[in-house]
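Visitor: Please take a close look at one part of this model for me, the way its domains are set against each other, and then relate that part to the ligand and to the chain as a whole.

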Amino acid sequence: MNVAARVFRRGPFPIKVRLLEVRRVSRLSPHMMRITLGGEDLVGFQSEGADDHVKLLFPAPGQLKPVLPTVGPQGVVFPEGVKKPATRDYTPRRFDPVAGELDLDFVLHGTGVGSSWAANAKVGDFIGVAGPRGTFVVSNDFDWYLLAGDGSGLPAIGRRLEELPEGARAIVFIEVADASEEQRFDTRANVELTWLHRNGAEPGTTDLLELAIRGLTFPPGDYFAWAAGESTSMRRIRDYLLEERQANKNWVRVFGYWKRGAVDHEEPHD
Ligand SMILES: Cc1cc2nc3c(=O)[nH]c(=O)nc-3n(C[C@H](O)[C@H](O)[C@H](O)COP(=O)(O)OP(=O)(O)OC[C@H]3O[C@@H](n4cnc5c(N)ncnc54)[C@H](O)[C@@H]3O)c2cc1C
């Protein structure tokens, strides 16, 4: 089979910015909040890939609704003389077009526009949602899948596990603070999941994920590897897979979703 065809990008899709309303707030664990969004603007929303992302536009403190741009021939244009909203990337954890609901799962890590917004969100609050602008299609016929991440990667991992077909094999490592942060996934796949506990260490300071991957006896066959979490620890995992294990680079996607000490960390991702 054509190597590239098993993992490929679709997009970019036209930019669409939506104003959505909080419909439900559910605490999944002490440090993970699920916010269910809805509203007329959700019509036409699409998200095909488990690691898709949307850009959230947050209301400024004291504002009911965020300042949203218009999208025209010149691209995205914000109203003049108004401060642009803070933005952050999040994963569409579940989208149900029939119910008209979009779930986003937020790590509550302390200070930060995204974390604080989710911690205080209540039914009727508004948020802007732009994207997804593209999607990565990953074929379901790999011999096995390696998935790894901390809380920020957990929504995409959970979504992939729920979307993998019966018979697919996934080896999964997820780093969380402790057992109270573990989640259950509704999956048809054959999943070997190991929760790694920080046991009091600060997020982004451990090498638990890297050591778990290094300690794995890689099963034979073609594998797709996906990991997301703190930038520095992800770099080590990417280097290990690509340089030491000589993994097929078309089948490896490893992302720094946040960086310790950095506000609104941005690094290239699709
Ligand atoms: C494609 C993509 C998809 C993502 N999907 C999700 C998702 O579904 N759910 C999710 O929770 N995050 C997700 N993230 C990560 C999220 O965008 C970042 O964690 C973002 O920094 C959170 O914004 P904030 O305003 O809360 O914190 P910021 O204002 O950006 O940062 C404030 C401080 O908090 C620290 N910090 C930021 N994130 C974390 C964290 N997760 N744990 C501990 N400390 C942190 C920073 O180092 C900084 O010191 C995703 C990122 C990308 C690129």
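Guide: In this predicted model, the C-alpha centres of domain 1 and domain 2 lie 25 Å apart. Across the boundary between them, 13 residues of domain 1 are in contact with 14 residues of domain 2. On the domain 1 side that touches domain 2, β2 (17-29), β8 (92-96) and β9 each contribute at least two residues, and by class this side consists of 5 nonpolar, 4 polar and 4 charged residues. The domain assignment itself places domain 1 at 8-130 and domain 2 at 140-258.

The ligand brings both domains into view again, since at least three residues of its surrounding shell come from each of domain 1 and domain 2. That shell holds 28 residues, with Thr91, His109, Gly112, Gly114 and Ser115 the closest, and it divides into 10 nonpolar, 12 polar and 6 charged residues. At least two shell residues come from each of β7 (87-90), β9 (101-107), α1 (113-120) and β16 (252-258); β9 therefore appears both here and on the side of domain 1 that touches domain 2.

Turning to the chain as a whole, the protein has 4 helices and 16 strands, and its C-alpha atoms fill a box of roughly 55 × 45 × 35 Å along the principal axes. Its radius of gyration is 19 Å, which agrees with the value near 18 Å that a compact globule of 270 residues would have. Buried residues make up 34% of the chain, while, of the contacts with a separation of 6 or more, 69% join residues 24 or more positions apart.

Notes
Residues numbered from 1 in each chain as written. Predicted model: local features only at pLDDT ≥ 70, side-chain atom pairs only at ≥ 80, totals over all residues. Near = placed C-beta within 6 Å. Nonpolar A, V, L, I, M, F, W, Y, C, P; charged D, E, K, R; others polar. Domains from an automatic or database assignment. Rg over C-alpha atoms; globule rule 2.2 N^0.38 Å. Buried ≥ 20, exposed ≤ 12 C-beta atoms within 10 Å, placed from the backbone. Contact = placed C-beta atoms within 7 Å.
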